[in-house]
Amino acid sequence: MRSAKDFFRPLAVGAPAPVREVPFRPSRMIHFFDPGNEKMAAKVPALVAQADVLLGNLEDAVPADRKEAARAGLVKTARSTDFGDTQLWTRINSLDSPWALDDLLTLVTEIGDRLDVVMVPKVEGAQDIHYVDRLLAQLEARAGLTRPILVHAILETAAGVANVEEIAGASPRMQGISLGPADLAASRRMKTTRVGGGHPGYLVREDPPAGGGDAPRATYQQDLWHYTIARMVDACAAHGILPYYGPFGDIQDVTACEDQFRNAFLLGCVGAWSLHPVQIAVAKKVFSPAPADVAWAYRVIEAMGDGTGAVMIDGKMQDDATYKQCRVVVELAEALAGRDPELAAAYAAAREESA
């Protein structure tokens with residue numbers, strides 16, 4: 001076991017010092033694109049202004065005979081695009097694949113200065129993060145990088161869920177964790193073929209009427225992913241990193257996508273994956289606090305002063321716990337307002353109206 005004193009020392013001579021706190025940058029949507037698809041890659045510059053994160057995908061959805069083309073396409077896109085404040089991430093191939101090593105060797109040495117986060121699929125324990133951590137340090141030293149590339153894990157196996165706490169704390173590089181519902185469903189032998197979202201068969205039924213009889217009984221669909229998201233959020237919060245919902249596969253069902261994203265937002269996730277431009281707007285809407293909620297949070301904070309004691313506002317008691325909750329909303333709103341002028345104006349107007 002490494003000494004706590006050594007945790008923040010570089011893992012290779014000449015590598016940049018690890019971060020001591022994950023920088024919070026708006027990441028309401030992680031928008032995936034196939035960099036080996038020239039038509040799709042050509043749309044990246046237009047997406048820079050729309051998405052908080054653009055991710056060049058090298059893993060699933062990229063056929064085996066196009067892996068090298070996707071890798072080369074990401075290098076080309078990174079070099080030719082001005083990303084401004086938009087983050088550039090990549091999802092490398094799984095660590096047991098024949099492509100993962102070359103993914104890291106190529107991307108870190110050729111575009112490491114432009115790459116913010118490496119997403120690692122199918123992480124099953126701290127050992128996977130330790131391997132990537134050391135290798136990244138060696139490659140950063142070789143490339144002469146001055147800032148470390150962060151690591152994001154995907155939770156998509158039963159072993160990964162069982163070890164999520166140790167994964168979250170495995171390295172100072174850990175930026176966050178995403179739920180990968182499709183692979184996780186297969187790993188758990190769940191009987192659903194959907195990519196995220198609910199299932200009509202996963203439900204509870206209303207009790208029978210007291211007097212008996214065959215009257216119809218209402219059913220209520222439940223959330224297959226509630227337990228896993230909650231556990232992931234706890235692990236991330238405990239280690240100061242960020243939790244995300246993953247993909248919602250039914251592109252046409254915007255309503256259900258919004259519902260699933262909102263469930264994740266309310267449980268503590270900061271963003272979700274978008275697989276199609278239509279989902280960018282959904283994620284932007286859901287993972288941005290409503291102006292009315294922001295105005296209320298400011299009102300509570302101002303009434304509470306130093307955050308101690310208790311006050312009554314509109315007949316409701318507010319104390320130090322609600323003060324802390326309101327701080328979460330306000331801090332997120334201020335971070336988003338710095339990136340999104342429309343949100344900044346909406347938040348300012350709502351605050352003025354509630355004053």
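A salt bridge here is a side-chain nitrogen of Lys or Arg within 4 Å of a carboxyl oxygen of Asp or Glu. The model on screen is predicted, and by this rule it holds 21 salt bridges.

**Stop 1: R231 and E165**

Select R231 and E165. Their side chains form a salt bridge, with 3.2 Å from N to O. R231 belongs to helix 9 and E165 to helix 7, so the contact joins distant parts of the chain, 66 residues apart. Both ends are partly exposed: R231 has a relative accessible area of 24%, and E165 has 35%.

**Stop 2: helix 9**

Stay with R231 and extend the selection to residues 226-238, which make up helix 9. At 1.5 Å a residue, these 13 residues should span 18 Å, and the end C-alpha atoms are indeed 18 Å apart. Now colour T228, I229, M232, V233, A235 and C236, which are buried. They fall within an arc of only 165° around the axis, which places them on the same side of helix 9. An α-helix has 3.6 residues a turn, so residues three or four places apart point the same way. Turn to the face directed away from the buried side to find the exposed residues D234, A237 and A238. Past the end of helix 9, select G240, where phi is positive, near 70°.

**Stop 3: R173 and E140**

Next, select R173 and E140, whose side chains meet in a salt bridge at 2.7 Å, N to O. R173 sits in the loop between helix 7 (164-168) and strand 6 (174-179), while E140 is in helix 5, so the pair ties together parts 33 residues apart in sequence. Are these two residues buried or exposed? Both R173 and E140 are buried.

**Stop 4: D60 and K122**

Another pair to select is D60 and K122, a salt bridge in which the closest N and O atoms are 3.7 Å apart. Each residue lies in a loop: D60 between strand 2 (53-57) and helix 3 (67-80), K122 between strand 4 (117-120) and helix 5 (126-143). The two are 62 residues apart, and the pair links distant parts of the chain. D60 is partly exposed, with a relative accessible area of 33%, and K122 is also partly exposed, at 26%.

**Stop 5: a charged network**

Select R28, D52, K284, R339 and D340 together; salt bridges link them in a network. Side chains of opposite charge can pair when their charged atoms come close.

**Stop 6: the nonpolar cores**

Hide the charged side chains and show L54, I129, M174, I177, W225, Y245 and F261. Within the largest nonpolar core, which has 66 residues, these touch the most other members. Helix 5 gives the most to this core, with six residues. Centre the view on M174: leaving aside residues up to four places away in sequence, M174 touches V22, I129, V151, A153, I167, A168 and I241. A separate core of 15 residues lies apart from the largest one; select V300, I313, C326 and V330, which are among its members.

**Stop 7: the annotated domain**

Finally, select residues 33-194, which an unreviewed UniProt entry annotates as "domain: HpcH/HpaI aldolase/citrate lyase". Over this range the chain is 43% helix and 17% strand. Where do its ends lie relative to each other, and how many Å apart are the end C-alpha atoms? The end C-alpha atoms are 21 Å apart.

Technical notes:
Residues numbered from 1 in each chain as written. Predicted model: local features only at pLDDT ≥ 70, side-chain atom pairs only at ≥ 80, totals over all residues. Heavy atoms only, no water. Helix = DSSP H or I, 4+ residues; strand = E, 2+ residues; numbered from the N terminus. Expected span 1.5 Å × (residues − 1). Buried < 20%, exposed > 50% of the residue type's maximum accessible area, 1.4 Å probe, protein only. Arc of directions from axis to C-beta. Core = buried A, V, L, I, M, F, W, Y, C linked by side-chain atoms within 4.5 Å. Contact = heavy atoms within 4.5 Å. UniProt positions renumbered as here; feature names shortened; annotations may be inferred.
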